[in-house]
Amino acid sequence: MNDAELKELERSIEWIMEIADGFGLDYFPMRYEVCPSDVIYTFGAYGMPTRFSHWSFGKAFHRLKLEYDFGLSRIYELVINSNPSYAFLLDGNTLLQNKTVCAHVLGHSDFFKNNIAFAQTSRDMVERMAANAERVRRYELEYGRQRVEQVLDAGIALQQHVDASWHADTVRRERMRRLCEDKWQRARPRTGPYDDLWQIGEENGWNGTDGQAKHGGDEAGADAYARRSAQRMLVPERDLMLFLIDYSRVLEEWERDILSLLREEMLYFWPQLETKIMNEGWATYWHLRIMREMDLTDAEAVDFAQMHAGVVLPSRTTINPYQLGLAIWEDIEKRWNDPTEEERERFGREPGQGRDKMFEVRETETDVSFLRNYLTKELIEDLDLYLYQKIGNEWKVVETDWEKVRDHLCASRVNGGIPVIWVADGDYHNNGELYLKHGYEGVELDLKHVEKTLPYVHRLWGRGCHLETVVDDRAVLFSYDGRRVQRKFL
Amino acid sequence: MAASQFTLSKEDWSLHRKGYQDQERHREKVKQAIKENLADLISDEGIIMSDGRQIVRIPIRSLEEYRFRYNFNKSKQAGTGKGDSQVGDVIASDGPPQPGQGQGAGNLPGVDYVEAEVALEDIEAELFSELTLPNLKPKSPDDVVARDIDFRDVRKTGLASNIDKKRTLLESLRRSQRESARQDGLNWRIRPDDLRYKTWEDVEEPDSQAVVLAMMDTSGSMGLFEKYCARTFFFWMTRFLRTKYETVQIRYIAHHTEAREVSEEHFFTRGESGGTICSSAYEYALTLIEKEYPPQRYNIYPIHFSDGDNLTSDNERCVRLVEKLCEQSQMFGYAEVNQYGRGSTLMNAFGKINHPYFRTVVIREKAGIYQALKAFFSVRDDTSRPA
């Protein structure tokens, strides 16, 4: 884009923002940056311009860049959930494409700012990730690239197993408090009149037994104590990363730190996994509405229509979140703007509430509930959604019934589409071994990957690791003892 | 109001190389993985049979990003049809669809189901970097040719086009610093005295007048596995020689009870039958050397593959002939494919030979082919030839 185009784009953005404000979008201040393609693809691969270095990002970058160079796919933009929001525009886009993109990212920014799932994400992640990257680099200098890479390899393999629910910390603290109380009471039943004196220890963080007083709050103290005591591990625990950080006996402090920063970054990205369809649909809905309000020339209008059609192009083999999301949002608007007789009577729904309802949904739902509540029979039939499966050498449609399709879509979005792994026991066999349990809900794990991932768990836990899952309706236990993986039916 | 809510900027990103750096690291890891798996890779049937297909699919373990994930092939997926999709419609056949495509950035990585693809060239580059023709000697003075020029010296005089800018600047800085210490004030200028020029030297390499005599037992006792090993070895050997040394000649000698020279294609594709008399091949090689490749002009490398199942009465003669061959060549290699570790009369007989240029290898499994290549085509601390 040359200077004249930049000027023009700047004028357009002012206009776009005016329109967006008119629609009631509530977004962060925007920082638009025009970048060449390899920089955009770098950010696409890393998820963030300032993230640490790892060969897997290089691999992703190479693949993305290759697809772009061959014209197979294209990233138009990249927007970062932060305050202010950074949006990176592709230098090779036409002026009109970049206008559309500017409108599109306003939708994303509004979503980041207002959706409940993002409420707890830190909005200064650009700087934090830069600091994290700097720490990783320092560890590389101090401990060698090889060692740091090994920890990163293992950590990245497990990084998706975090608990991002907004109340996770509260629940954990409460459980830890109760666990400590139980143990305490069992160890010293309160019978005498002076037993309340024992609680002095509790205030100091339960360190009376260590003979050294630790100050700094109930939870912090309890955590620190539990870390040293195998019996006080909080299980079951969904946050495998946190469990490893807290209880692993083999990790050095810097290794723990690397796991912590991986976990922190995953928690930041997590809401984006959980709202992919909503978020993309929302942004697409708004770029459509905003661009319609702009004065486009005939040629621009055709270009825009073509670009938009490309974005919402359905795919035979996967769900296009832009297309599905947009369809559901527009359907919500329609049904609340113009409710049927039945809806008016049964739900007391007044006509003309479309936009209000949409803003309410964008605040309170994530993909699972969004699909569950608003993906209707009519929509599924209109869009011709189906389920397919590999049968022999062919991929065939196996289900078109709308409820089954909807349920499957919901199920596939549970936990961001990532298997749930529980830590069931941190002292298995009374030998400090780790016992993991897959929360099986009908879809099997990729067994080859299980066998290759367990050694990573072992690298971080330092002792035998076990994973229980279900294969062909039978419970199976995979065990890795540091040398090889064994599997046995339970 | 809107104006204050955004900025639009275009900066110079040319120094942002992170993606390329990590891509380079990934490439390094691929190379390392190839290196570690070389023994398995080069004995892979897919490569030998690939017929010039330059890319082979191999599983490279360390590069896949393993994690606990769902089994893609065993679960249902959702898709969008064109309208009126019915149960039983075929969407795609064979190869899985590629998820994770479509526009939009997002941080959801595409599911990576692709096996690592490695170009044959990469495998070759790795393999050949470890191999070399042993004891190669310039055989006659006129064979020495200048191959290349190499900039490896810096002088104060030279061609203006060869000015070494960096060194010149450094030199000038150094000098002006020295001078400024003596006088006050820095007066930085490039003087003629600061100029540095790159100069080159001719790189002279002995033109390797070398010939490889590839001998293979094609008798009936050579089973599928034996032939496979021998052919794989010669396949890589030929490629290696052709890539690294342009003027190396290869002659193919097939033998059972008698030896004859065959074409390359014939050598690699045909099998024969009959008993085994190895000396026939050695004799043929000796005549070939006598007639066409005088040892004072050629580096000669006879290499023989057999299963060791030689006619017992012939062994004596073999030893004699091999000793003679060793005298005339730079290295004599004998590889025995012996899958079951049975006693081999020929190997026993060869045990007597004590010549620094004589090398033997026993191949018991496919991975042994790599060991054989390394054993024959490596520079050992051979003592100089006995007078």
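**Exercise 1. Determine how the span of helix α9 of chain B relates to the expected value, and on which side of the helix its buried residues lie.**

*Step 1.* In this predicted model, helix α9 of chain B runs over residues 315-328 and has 14 residues. From its first C-alpha to its last it reaches 20 Å, close to the 20 Å expected at 1.5 Å a residue.

*Step 2.* A residue is taken as buried if 20 or more other C-beta atoms lie within 10 Å of its own. The buried residues of α9(B) are B:Cys318, B:Val322, B:Leu325 and B:Cys326.

*Step 3.* Because these buried residues cover an arc of only 100° around the axis, they are on the same side of α9(B).

*Step 4.* The cover over the buried residues of α9(B) includes the helices α8 (278-292) and α10 (345-350) of chain B. It also includes the strands β11 (299-306), β12 (332-337) and β13 (358-363) of chain B.

**Exercise 2. Describe the side of domain 1 of chain B that touches domain 3 of chain B.**

*Step 1.* Chain B is divided into domain 1 (27-64 + 116-129), domain 2 (147-205) and domain 3 (206-376).

*Step 2.* Domain 1 of chain B brings 9 residues to the contact, and domain 3 of chain B brings 11 residues.

*Step 3.* On the domain 1 side, α2 (38-42) and α4 (120-128) of chain B each supply at least two residues. The most comes from α2(B), with 4 residues.

*Step 4.* By class, this side of domain 1 of chain B has 6 nonpolar, 1 polar and 2 charged residues.

**Exercise 3. Characterise the contact between chain B and chain A, including the pairing of their strands.**

*Step 1.* The contact draws 60 residues from chain B and 87 residues from chain A.

*Step 2.* On the chain B side, β1 (6-10), α1 (18-36), β3 (77-80) and β4 (90-93) each supply at least two residues. The largest share, 9 residues, comes from α1(B).

*Step 3.* Sorted by class, the side of chain B that touches chain A holds 18 nonpolar, 26 polar and 16 charged residues.

*Step 4.* Strand β1 (residues 30-35) of chain A pairs with β1(B) in the parallel sense, over 5 bridges. A:Val34 has B:Lys10 as its bridge partner in β1(B).

**Exercise 4. State how chain A is divided into domains, and how far apart the C-alpha centres of domain 2 and domain 3 of chain A lie.**

*Step 1.* Chain A is divided into domain 1 (3-115 + 275-311), domain 2 (321-415) and domain 3 (419-489).

*Step 2.* The C-alpha centres of domain 2 of chain A and domain 3 of chain A are 36 Å apart.

Notes: Residues numbered from 1 in each chain as written. Chains lettered and ligands numbered in written order. Predicted model: local features only at pLDDT ≥ 70, side-chain atom pairs only at ≥ 80, totals over all residues. Domains from an automatic or database assignment. Contact = placed C-beta atoms within 7 Å. Nonpolar A, V, L, I, M, F, W, Y, C, P; charged D, E, K, R; others polar. Expected span 1.5 Å × (residues − 1). Buried ≥ 20, exposed ≤ 12 C-beta atoms within 10 Å, placed from the backbone. Arc of directions from axis to C-beta. Pairing = 2+ DSSP bridges.
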